[in-house]
Amino acid sequence: MTYSEILDQVKKMADQNESDILKKTCQLLYDELPHYNWVGFYFMNDKERMLEIGPYVGAETDHTRIPYGKGICGQVAESGDTFLVDDVERESNYLACSIETRSEIVVPIHRKGKLIGQIDIDSHVVRAFGPEDEGMLKDIGALLAPFCP
């Protein structure tokens with residue numbers, strides 16, 4: 001399935017107000033993109049300055065809450081900008097979820113100008129992600145922002 005077809009599927013689910021749309025989107029990305037080995041959402045808890053895990057597909061993780069600033073996801077929580085890591089072994093602030101993970105992309109989700117969460121993707125392949133991944137994930141984030149807590 002192409003990135004465009006994936007976006008069409010997510011848009012269709014959003015238009016139909018599909019139940020469990022966040023989990024279903026994780027599953028769609030995981031199933032259709034072989035280099036997406038973990039797909040999940042984290043949501044902002046500004047009061048506690050913690051990210052809290054949402055729906056995900058992939059190996060279980062102990063990182064259900066991540067302090068702002070810690071790891072790639074925590075850095076995105078502070079900056080509000082996409083963070084792409086070509087090789088996690090070269091990233092000093094990487095928070096290891098799996099010894100198999102080699103690259104990661106984290107894309108923020110905004111609603112009405114406020115950072116509310118992020119899409120986190122891990123891959124077992126070095127340099128797995130590029131501008132097309134980032135663009136697709138930003139579009140997915142925009143489509144799903146109304147469905148995020």
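## Close-up views of a predicted model

**View A. R49 is partly exposed, with a relative accessibility of 42%.** The model you're looking at is a predicted one. R49 pairs up with E78 here in a salt bridge, and their closest N and O atoms are 2.8 Å apart. R49 sits in the loop between strand 1 (38-45) and strand 2 (50-57), while E78 belongs to helix 3 (residues 71-79), so this pair ties together parts that are 29 residues apart in sequence. As general background, side chains of opposite charge can pair when their charged atoms come close.

**View B. D87 and R102 join their side chains in a salt bridge.** The N to O distance here is 3.1 Å. Both partners are found in the loop between strand 4 (83-85) and strand 5 (103-111), and because they are 15 residues apart in sequence, the pair ties together parts of the chain with that spacing. Is D87 buried or exposed? D87 is buried, at 14% relative accessible area, whereas R102 is partly exposed, at 23%.

**View C. Here's a salt bridge inside helix 4, between E134 and K138.** The closest N and O atoms of E134 and K138 are 3.1 Å apart. Helix 4 covers residues 131-144, and the two partners are four residues apart along this helix, or about one turn. E134 is partly exposed, with a relative accessibility of 23%. K138 is partly exposed too, at 43%.

**View D. E48, E52 and R65 link up in a network of salt bridges.** Stepping back to the whole model, how many salt bridges are there? The count comes to nine.

**View E. Helix 1 packs against helix 4.** Helix 1 takes in residues 3-15, and the axes of the two helices are 10 Å apart, at an angle of about 5°. The two helices are therefore roughly parallel to each other. Where they meet, helix 1 brings in Y3, I6, L7, V10, K11 and A14, and helix 4 brings in E132, D133, M136, D139, I140, L143 and L144. Sort the residues of this contact by type and you get nine nonpolar, four charged and no polar ones.

**View F. V10, a residue of helix 1, is buried.** Its relative accessible area is 0%. What does V10 touch, leaving out residues up to four places away in sequence? The answer is I21, T25, L28, I140, L143 and L144. For a sense of scale, V10 and D86 are 76 residues apart in sequence, and their C-alpha atoms are 26 Å apart in space.

**View G. The largest nonpolar core has 31 residues.** L29, Y36, F41, I121, M136, L137 and I140 touch the most other members. Two or more residues come from each of helix 1, helix 2 (21-32), strand 1, strand 5, strand 6 (114-123) and helix 4. Which element gives the largest share? That's helix 1, with six residues. In soluble globular proteins, nonpolar side chains tend to be buried together.

**View H. L29 touches I6, Y36, V39, M136, L137 and I140.** That list leaves out residues up to four places away in sequence. Apart from the core that holds L29, there's another core of 15 residues, including I72, C73, F83 and L115.

How values were computed. Residues numbered from 1 in each chain as written. Predicted model: local features only at pLDDT ≥ 70, side-chain atom pairs only at ≥ 80, totals over all residues. Heavy atoms only, no water. Salt bridge = Lys/Arg side-chain N within 4 Å of Asp/Glu carboxyl O. Buried < 20%, exposed > 50% of the residue type's maximum accessible area, 1.4 Å probe, protein only. Axes fitted to C-alpha atoms, helices over the stretch in contact; angles between N-to-C directions. Parallel < 35°, antiparallel > 145°, perpendicular 65-115°, else oblique. Contact = heavy atoms within 4.5 Å. Nonpolar A, V, L, I, M, F, W, Y, C, P; charged D, E, K, R; others polar. Core = buried A, V, L, I, M, F, W, Y, C linked by side-chain atoms within 4.5 Å.
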